[in-house]
Structure formats: C-alpha cells, structure tokens
Amino acid sequence: MAIEAMRKVRVAAHKSVADDVWNSIQSIGCCQVIPGGREHTEERDSESLKTRARRLDDLLSEVRFVMRFLEPYAPERGGLSRALGNLPEYSASELETMASREKFLETAAAVRALEKRALEVKSSLSRVTGLIASLAPLSSLPYSLDFYSRGTESVQGNLFSVPAALADEFKSRISSSLGEDAEIYVSPGGGKDAARIVSVIYARSAAEKLSLAASGIQASRIEVPPQMAALPRDEISRLDEELSGLNAEEAAITSEIKKTAGDAWELCEACSDKWGVERAKLEAILEGEHTEQIIVESFWIPEEKLADFKGAVSRWDELTDIVVSEPEEDDEPPVLLKNKKYFSPVEPLVSMYGLPGYRGLDPTSIMAPFFYIFFGICFGDAAYGAIIVAALMILLLRNRVEGTIRKFILMLIISNICAVIFGALTFSWFGDSITSFSFLRFLMPLGHIQILDPMNDPITMLLVSLAFGFVQIITGLAIAMYDNVRKGDRFAAFADQGGWIIFLCSLVLLGLASAGAVPLPPGIFKAASAIGAIILVATQGREKKNVLGKLFSGVMSLYNVTGYLGDVLSYSRLLALGLTAAAIGTVINLLTNLVSGVPYVGALLGLLIFVLGHAFGIATNVLGAFVHSLRLQYVEFFGKFYTASGDEFAPLAVKTQYVRVTGE
Amino acid sequence: MESIISTMAGQLGQVFVVLGAALAAGMAGSGSAWGIGIANEAAAGILTEDPKKFVSALILLALPGTQGIYGFLIAIIALRQAGIMGDASAVVTIWQGLAIGAACLPIAIAGFYSAIWQGKSSAASILLISKRPEQMGKAMVLPAMCETYAVLGLLVSFLMLRGIKVG
C-alpha cells in the first residue's frame, strides 16, 4: 500500500548544454515537467527553440501524411506481435542515422508527386467513363457528332430523347412543320430502352420553327460535348482506348506506390519516432523559464530516482544547477503506485477507476487478494483456469510484453491460478467431465480434495460467498477508519466507522450464536449490537443544529443497515457465476455424451462439441468473472473508503510507437 | 375415462416442466438478442469512425449476452431434473412439474428485461469509449449493474429447482 514519494527538482542549465541535459532527462524517463515557467519567458529568449519546434511540427505532419498515404501498401509488420512489444530495436545513434531528413524529404516529394498523378488519373477516369456512358445510347447514329456539337455554316443538328410511344408523333410533327428543311432520323428502339434517340438535321434558318415544334411534346434535348466530332461509334472506341490507357496508368501508379511503401516504410517509422521524441523534448524545454543565457525548469521526480537523476545530469556540473525540495502544502504531486510483486498486477484496475490522491491511500495491495479470490470463485473451473494460465505464460515468455499490458496479463495469470485452486476444491475439471466420461474415471482421486459442491449443496457456497462479502465490507470500513485516524479525525473514525463495525459484526455474531455456531451466549452480542446502535444514534446526527434533528438523523442512520445488507447480498454473484461456469461445463459434457452415441462419426462429433463447447465456456465465463469481480471492488469495496482524486505520473520519456530505442 | 385422466396426469407434470424450460431459454435468450442488437447499433456506429475499437466494442456488446446463457442453463437443469433429458427414470407429478415450471420464471423474466436494459447501458458505454477509450474499466462496470438482477434471478431459479425433490 504505497504511493511513491515525490520530490521537486529545479534544474537550471546554460543554453549551450540544454539539449544534452534534456536529452538525458528524457532518456532516464522519470521526471514530469511542472508547467508554469513558460509564462515568465520573454518572447525573444525562446524564439530559436520555437522555430525548431515549428520545423519539427511541419516535418511530423508530412510524416503523418506520407504514412497515411502509404499505409494500405505498407509491408506486413505483424500487428499482434508488435502490440505485444516485439519492436525492432535500435540504439539512439542508429536511429539518428536511419531517420535521415534528406532521404525522408526525397520520399515525401515522390509521394506528393504520386498522389498528384493518382488524383489526375482518377479524375480523367471518371470523366471518360462519364462520356462513354453518355454516348452509349447514340452508338447507332449514322452521322458525325460535329453536326450536333458545332454544325456547319448552314446546317445544324439537334438530338432529342423521346419516349418510344411518342417517337412517331414527334417525327411527323417536325416533318410537317419544317418540311424539306430537315432530315430526321429515329434510332431503332428495342430491348428495354423506353426512349428513342431522334436526330434532326436542319437548315439554320429553320431553328425557330424546330424549337416551336419540339416544345409541344415531351422530348428532352441531348447536349453533345464540343470536342466530339467523329461518328459516335468511332468516338466510343477512341474513348475505350483512352480508358484502357488510363487503367494501365493507374495500375502503374499503384505498383509505384507499393514499391515506395516497401522501400520507405522503415524510414518513415524511424523518422516518426525520432522526431516525435525530439518534439516531446522541445515541448518540455519550452515549458521552462528562458532567459538570455539559461533555462530553468522544475520537475516532479520519485524520491528513489533522485540518485539516477543526479548521476545523469552531473556530467554538465559546471553549466547546471540543481535544487531539490519537498512538495509544499498546497502542491498536488502526480501519483505513481508502488506495490509488492504479487499485488502490483492489479494496479491497472485501480488506475482504471482513478488513482488515489498523492496524500491518499493506495488500495491496490488490499484489493488484490480479494480480486484474485473472487475471480477464482467466479471462473471456478480448474481445467479452464489451467488452460488460460498456460496460454498466458507462453505469451509472456515468447514476447517482450511491458508496462500495463504485462501487469494485466500477470493479473489474469494469478487470478486463474486461483481458479485452478477453487476448481480443484469443487471438483470441477471441464465441468463434471471426470464423472461423466467413463474413460476419465482414473482421475477420480482428484475428488478427494473436494470440500465444496456448489451444484448439489449451493447453500453452503452461498454462505461462503456472503462471508467473503462481509469480510471485504468490514475491511473497507476498517481502512476508512484508519484513514480518519491518520488524518487526525479520531472522533469520525470512532463514530462513523467504529459504530458501524461494532454494530454489523455483533449483528452477524448474534445470528451465528442464536444458530449455535458460536459457543457464546447470544446475550453478549445483543448487548454489543445495542452499544453499536447507541453510538450511531448518538453521533450520526452531529451535523444537525437542534437536539430533535440530531436524534432524528441518528435514528434514521440505522436504516443504512439495509444498504450494508444489499452490499453483502451482492456477493451472492460469486456463487451464481461459479455455478454458471460449472453448469455450462456440465451441459457441454452432456451434449458430448449424447452425440457420441451416433454410429461411425459419434466420436468425432463428440470431440468437436467438447472442444468448441468448452472454448465457448471459457470465453463467456472469463468475461463475466472479470467484470463481476471488478464490479465488487469498484462498487461495494471502494465505495466504503476510496476517493480517486490523483493525477497519473506522466514523465518526460522516450515514447516510441514503431521502434524500441536501447542504450546510447 | 379414468385411465385417460390418469394418463394425462402422468404427463401433465412433464408438460409444465417443458413450458418452464421453454420460457427460461426463450425469454432470456430473446432478451439477450435484443440487448446485443441495441448495443450493436452503437458499436457499428463508432466503428465507422475508428475501426480499431472493434475489440473493445465487442467486449461491451457481449455483456448482455450472458442472460441467454443463464436461461439456457436453467432450462437444461429443469429438463434433467424432470427426466426429460439424460436420466429418464425420474417421474414428475403434476405438482412437481408445476413447481419446476414456476422455478424457471425468475430467470425468464429478470433475464429478458435486464438484458434489454443492459443492452442500452452497453450502447451508452460504447459511445463512452468512442470519446474516452481510457475509460474502458468504467464502461465495463456500468452495464454489469443491470446484470446483477439477472444473476439474482438465476440464483433464485437455481435454488428453487434444487429445493424441489423429484423421486
């Protein structure tokens, strides 16, 4: 149960060594910048750094653009394996050479050019396909298109789309109106085309007559693009050629992008990480106070890392100055949890809820055993637990998993070891497989360690679950009591928590004594619970002003006992989820036995149902067991004493996404 | 006439058991399907923005699925107890059959409604992680609040079934 003690260090460094100093602070990765110095900096004193930062921003945004563009074609990089921490490793100097600015800018220029070409081809493609589509209905037209697009000195052509039923009427109207001045052609209809194309080639002098004649009927004019001159079928075949040329061009560009992606992806990853780290460092420096010659910045640092820090910065002893101080009364240092080996895996669960304040209590080590045991009871099957333990162990040994994910996996391993233990104690191995399959009977001796049988004697298991709940809730109250004592509020500790602990414990003991489970006369516990109740009635109304209000609030507070009752009953889910795991296993074994009687394929079908069924059982139960054990911690346990008000310790560090930086 | 009535009486018990099992598996399962469907709409929505959230969304939308499993379990336990599945030697009277059928109701009803509301909670949690992915822990615990009552329903159904002696 610990929160790492923090110290404040104030570093002053001459500008000539600032880069190196901050580099080494970044590489030890245990100093969190305290913001605020920036406000005292004159604009001109930080100008050159700001310019550097802006240049890096430009580069980084270019990297992001290039990577987004190349990503669909990037070489396969083993996403899962990378997520498990298997990143290519480089030393800082190797990374420096890899992340070459010149090479990257070359790549970026090539990518920009490719992008431009790709866009052009794309727009040409859509233009040509559009033209082909619009010319398709005209393909049978026997006239050149320049009649319609430009016309000649005396003759002009118009194209109309007319519903098939009206085509003849349209033709006769125009020929009667224009007579010799027009030559009319109607495209042969047919197929599913409901419209006919009508071509009218007419003397320019008759233009008005035509528009008058055409306006009376449902005909829409088809515009022909001005660059179209030849016969429609010739134009179409020319466009088809153009289209296949464009398609070839597009394929060429794609393969060029693929090649660029293959060649330059590593470079981009290196640049992205290198410059990202550099940018974070500049941001940290810019957060400090700059004068003409020096930069002053304060950091939070865990007390036990002070020696590392001093060692790292001592190289520039003459050009730097360090002042270490304790956090002050009104400081709110960031929070870094520090727990023993077997407890620290549940730290991620605590920080998911919210970290404690710097001066608060870290609940990790108290919550950890409860979480492990509850998960074990809920998952409740020895074979399921063993499978998960084995799978996660292999995962952990084969990969370089670090940080939160590592803790998470360790947490699941310990929880599942509890599931193995609990499963063994309830004789649940793949449900009831040992009793239901005759060839597994030789494992029957495993039944000797069975001490509980939730399927046939659920009441005992229910009492065990509720007892766990009662213990955890009293633990929660005890921690709150300790916290009050620590803060110097002994009265609240005695009244708020002490009263309840006496009252609740003696009520439970009274029940046990009445049932004969405790060899003491129940009267003692009656008296004790009365004392607890009197404490509560006397103190719980102390905020109220008049005596009547105090008494009323005091008595009403006793109703909170229903809240505690509800909390304890909530732990019955331990039994219920444990039962689900065991029962699903049993049902799958039952089904396996049913199908294995089928002639010829029975054994195969049985095996299939057994494997798939239990895999399904593991998947659903592990989720339920995790969520519900977590809920018991968050709602029932944390509710009694815990306030999450801390900020996470976020040191300036070498944070990379694609590569791992090792050593100098 | 007498024989018809006695035959009916001999089988009616089993009919009640089957009815109860049908309700447990059917209603709790429908509730789960409904709940997951609601959560699915939210999940598909956030995946259009960020396909990388698939796994988190899948975990959250699977949460209302447990009620269906609870109902299925109670159905199987009820059928076994009445000798309809597995050991066929057990014979249930009308009253025993009625009791077993009634014992299936807590999970049928609590499972049905809690799964739907849990689906709505899951949908809300999915929207939560679309904005604040680091809040996955809280997002998982919120829908589990609804499931509590399905768990209690399961427990009561189970305890009732265990309490009915068939012999």
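Student: In S9(A), which residue does Ala13(A) stand opposite?

Tutor: Ala13(A) faces Ile295(A) in S9(A). The model under discussion is a predicted one.

Student: What makes S1(A) and S9(A) a pair of strands?

Tutor: Pairing requires at least two bridges between the strands. Strand S1 (residues 6–14) of chain A and S9(A) are joined by 9 bridges and run antiparallel, so the criterion is met.

Student: How do you know that strand S8 and strand S2 of chain A also pair with S9(A)?

Tutor: The same requirement of at least two bridges applies. Strand S2 (residues 32–34) of chain A runs antiparallel to S9(A) and is joined to it by 3 bridges, with Ser298(A) as the bridge partner of Ile34(A). Strand S8 (residues 289–290) of chain A has 2 bridges to S9(A), again in the antiparallel sense; there, the bridge partner of His290(A) is Ile295(A). S8(A) and S9(A) form a hairpin, with 3 residues between them.

Student: Why is strand S9 of chain A described as largely enclosed by the rest of the structure?

Tutor: A residue is buried if 20 or more other C-beta atoms lie within 10 Å of its own. In strand S9 (residues 294–302) of chain A, 7 of the 9 residues are buried, so the strand is largely enclosed by the rest of the structure.

Student: Why does Thr260(A) count as partly exposed?

Tutor: Thr260(A) has 18 C-beta neighbours inside 10 Å. Burial would need 20 or more, and exposure 12 or fewer; the value for Thr260(A) lies in between, so the residue is partly exposed. Thr260(A) belongs to helix H9 (residues 232–287) of chain A. Neighbours within four places in sequence aside, Thr260(A) is in contact with Leu70(A), Thr107(A), Ala110(A), Val111(A) and Leu114(A). Ser93(A) is 167 residues from Thr260(A) in sequence, and their C-alpha atoms are 25 Å apart in space.

Student: What makes strand S5 and strand S7 of chain A edge strands?

Tutor: The open sheet has 4 strands in the order S5-S6-S4-S7 (chain A), with antiparallel pairing. Strand S5 (182–186) and strand S7 (220–222) of chain A each pair on one side only, and are the edge strands. Neighbouring strands of this sheet are turned against each other by 30° on average, direction ignored.

Student: How do you know that S4 and S6 of chain A pair?

Tutor: At least two bridges are needed, and strand S4 (residues 155–163) of chain A pairs with strand S6 (residues 195–203) of chain A over 9 bridges in the antiparallel sense. Within S6(A), Ser199(A) is the bridge partner of Leu159(A), and Ile201(A) is that of Gly157(A). S5(A) and S6(A) run antiparallel with 5 bridges, and Ile184(A) stands opposite Val200(A) in S6(A).

Student: Why are H17(A) and H18(A) called roughly antiparallel?

Tutor: The axes of helix H17 (residues 490–514) and helix H18 (residues 522–539), both of chain A, cross at roughly 155° and come within 8 Å. An angle over 145 degrees counts as roughly antiparallel, so H17(A) is roughly antiparallel to H18(A). The crossing of H17(A) past H18(A) is left-handed. Residues that meet include Trp500(A) and Phe503(A) in H17(A), with Phe525(A) and Ile531(A) among those in H18(A). By class, this contact has 15 nonpolar, 7 polar and 1 charged residues.

Student: Why are H12(A) and H21(A) called oblique to each other?

Tutor: Helix H12 (residues 364–379) of chain A and H21(A) have axes that cross at roughly 45° and come within 6 Å. The value is not under 35 degrees, nor does it fall in the 65 to 115 range or over 145; H12(A) and H21(A) are therefore oblique. Phe374(A), Ile377(A), Cys378(A) and Phe379(A) of H12(A) make the contact with Leu574(A), Leu577(A), Gly578(A) and Ala581(A) of H21(A). By class, there are 7 nonpolar, 1 polar and no charged residues in this contact.

Student: Which helix gives the most to the side of chain A that touches chain B?

Tutor: The contact takes 23 residues from chain A and 23 residues from chain B. Helix H11 (347–353), helix H21 (572–595) and helix H22 (602–641) of chain A each supply at least two residues of this side of chain A, and H21(A) gives the most, with 10 residues. By class, the side of chain A that touches chain B has 15 nonpolar, 6 polar and 2 charged residues.

Notes: Residues numbered from 1 in each chain as written. Chains lettered and ligands numbered in written order. Predicted model: local features only at pLDDT ≥ 70, side-chain atom pairs only at ≥ 80, totals over all residues. Contact = placed C-beta atoms within 7 Å. Nonpolar A, V, L, I, M, F, W, Y, C, P; charged D, E, K, R; others polar. Axes fitted to C-alpha atoms, helices over the stretch in contact; angles between N-to-C directions. Left-handed = near helix turned anticlockwise from the far one by under 90°.
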